[in-house]
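Please work through the following exercises with the sequence and the structure at hand. Each task is followed by a solution in steps.

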Amino acid sequence: MLAVSAVFPPHRHPQREITEAIARCLPPGSDRALLRRVHASVQVDTRHLAMPLDHYAAAGGFTHANGIFIETAFALGVRAVGLAVAESGLRADDIDLVMSTTVTGVATPSLEARLAATAGLRPDVRRVPLFGLGCAAGAAGVARLHDYLAGRPGHAALLLSTELCSLTLQRTDTSMANLVAGALFGDGAAALVAVGRDHPLHGAPGPTVVATRSRLYPGTERLLGWDIGEWGFRMVMSREVPELIRLHVAEEIESFLAAHDLKPSDVATWICHPGGPKILDVLSDALGLPEPAFAASRRSLATAGNLSSASVLHILRDVRAAAPQPPGAAGLMIAFGPGFSSELVLLRW
């Protein structure tokens, strides 16, 4: 990995302001006290939004929201790609493959095709748009970049994640899943540049992908995802998710690490998707990790909320910018998504 960038839309607000704006949108007779309790419980302090906060009350339907998504995601994507490419030491036309991921809007042509010329990518760049992996897509995108570069070790590849979760807000839905989604999710984008082992820039300081693992958990298809219709994207989020992580995902992580002669205590850097404070608590407890293990994830959650697929890339950017890891230090990237699924990426510095 040569570079990681992270960008946000300009509209940043304290959680309490977002809470009150959503409360004003609820239908008459709704339990606003419950909404405020949910918003106060998720340990989010600030979030960035695709639109000015006062625009959400009067926002139109899915067509309008998706139009804002395409316009804003394009602008954020160009910024994220430009920053990552500049940091990497490459030029945009050195990129051989671009992979884009989102789960908060629909665009055909896909986002990476729309911004390719503006970002300076070659007309013959290979493109892989991903949709539907949800919050797992940041880690899954890193894993699929690794697969591509293993087969073409002289190439350079780019991953772009663009998520505008606020545009999926369902103003009249008072279900607990929608209340939690309205409390947790924020907007942002990220880009990552990586090269294969035969590339001239391979060996630059920073983490290298060692191995990856993807896992689907049978019978869990309705635990997490979207119901999509004329109203747009409506959140599906089961209360069973934290317990599933406790019972199965923690075991999956231990098995994955053991295959590389590692234990959770051997991992120096945890890059875990901040699905919410309860998920981080459950995973930390199940793996027997000390309180600081997920500190980077908790900081990301507090300052930006859950950015879906972009979160792990933002956390990776922050980790890379902090004190350098000693050579050989192990890191683990973890993310969860619809399916129900988990994505694991083992890193070495």
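The exercises below treat salt bridges and nonpolar cores in this predicted model.

**Exercise 1.** Determine how the side chains of Arg 36 and Glu 20 meet, and which parts of the chain the pair links.

Solution.
Step 1. The two side chains, Arg 36 and Glu 20, form a salt bridge with an N to O distance of 2.9 Å. The cut-off for such a pair is 4 Å, so this distance qualifies.
Step 2. Arg 36 belongs to helix H2 (residues 32–41), while Glu 20 belongs to helix H1 (residues 15–25). The pair thereby links distant parts of the chain, 16 residues apart.
Step 3. Arg 36 has a relative accessibility of 34% and counts as partly exposed. Glu 20, with a relative accessible area of 30%, is partly exposed.

**Exercise 2.** Is Glu 252 buried or exposed, and which elements hold Glu 252 and Arg 213?

Solution.
Step 1. A salt bridge joins the side chains of Glu 252 and Arg 213, at 2.9 Å from N to O.
Step 2. Glu 252 sits in helix H7 (residues 241–258) and Arg 213 in strand E8 (residues 208–216), so the salt bridge ties together parts that lie 39 residues apart in sequence.
Step 3. The relative accessibility of Glu 252 is 11%. Because buried means under 20%, a residue with this value falls in that class; Glu 252 is therefore buried.

**Exercise 3.** Describe the salt bridge of Lys 263 and Asp 266, then place it among the salt bridges of the structure.

Solution.
Step 1. The side chains of Lys 263 and Asp 266 meet at 3.6 Å, N to O.
Step 2. Lys 263 is partly exposed at 48% relative accessible area, and Asp 266 is partly exposed at 34% relative accessibility.
Step 3. Elsewhere, Asp 96, Arg 122 and Asp 124 are joined into one network by salt bridges that share partners. The structure holds 17 salt bridges.

**Exercise 4.** Which residues have the most contacts inside the largest nonpolar core, and which element gives the most to this core?

Solution.
Step 1. The largest nonpolar core has 44 residues, and those with the most contacts inside it are Ile 95, Leu 121, Leu 158, Leu 167 and Val 193.
Step 2. Among the elements that give two or more residues to this core are helix H3 (62–88), helix H4 (111–119) and strand E6 (156–164). H3 gives the most, with nine residues.
Step 3. Apart from neighbours within four places in sequence, Leu 167 is in contact with Ala 50, Met 51, Tyr 56, Ala 65, Ile 68 and Phe 69.
Step 4. A second, separate core has 31 residues, including Leu 257, Leu 283, Phe 294 and Phe 340.

Note on methods
Residues are numbered from 1 along each chain as its sequence is written. This is a predicted model: local features need pLDDT of at least 70, side-chain atom pairs count only at pLDDT 80 or more; totals for chains, interfaces and linings use all residues. Side-chain values use heavy atoms; hydrogens and water are left out. Helices (H or I, at least four residues) and strands (E, at least two) are DSSP runs, numbered from the N terminus. Buried means under 20% relative accessible area, exposed over 50%, partly exposed in between (1.4 Å probe, protein chains only). A nonpolar core is a set of buried Ala, Val, Leu, Ile, Met, Phe, Trp, Tyr and Cys residues joined through side-chain atoms within 4.5 Å. Contact means heavy atoms within 4.5 Å.
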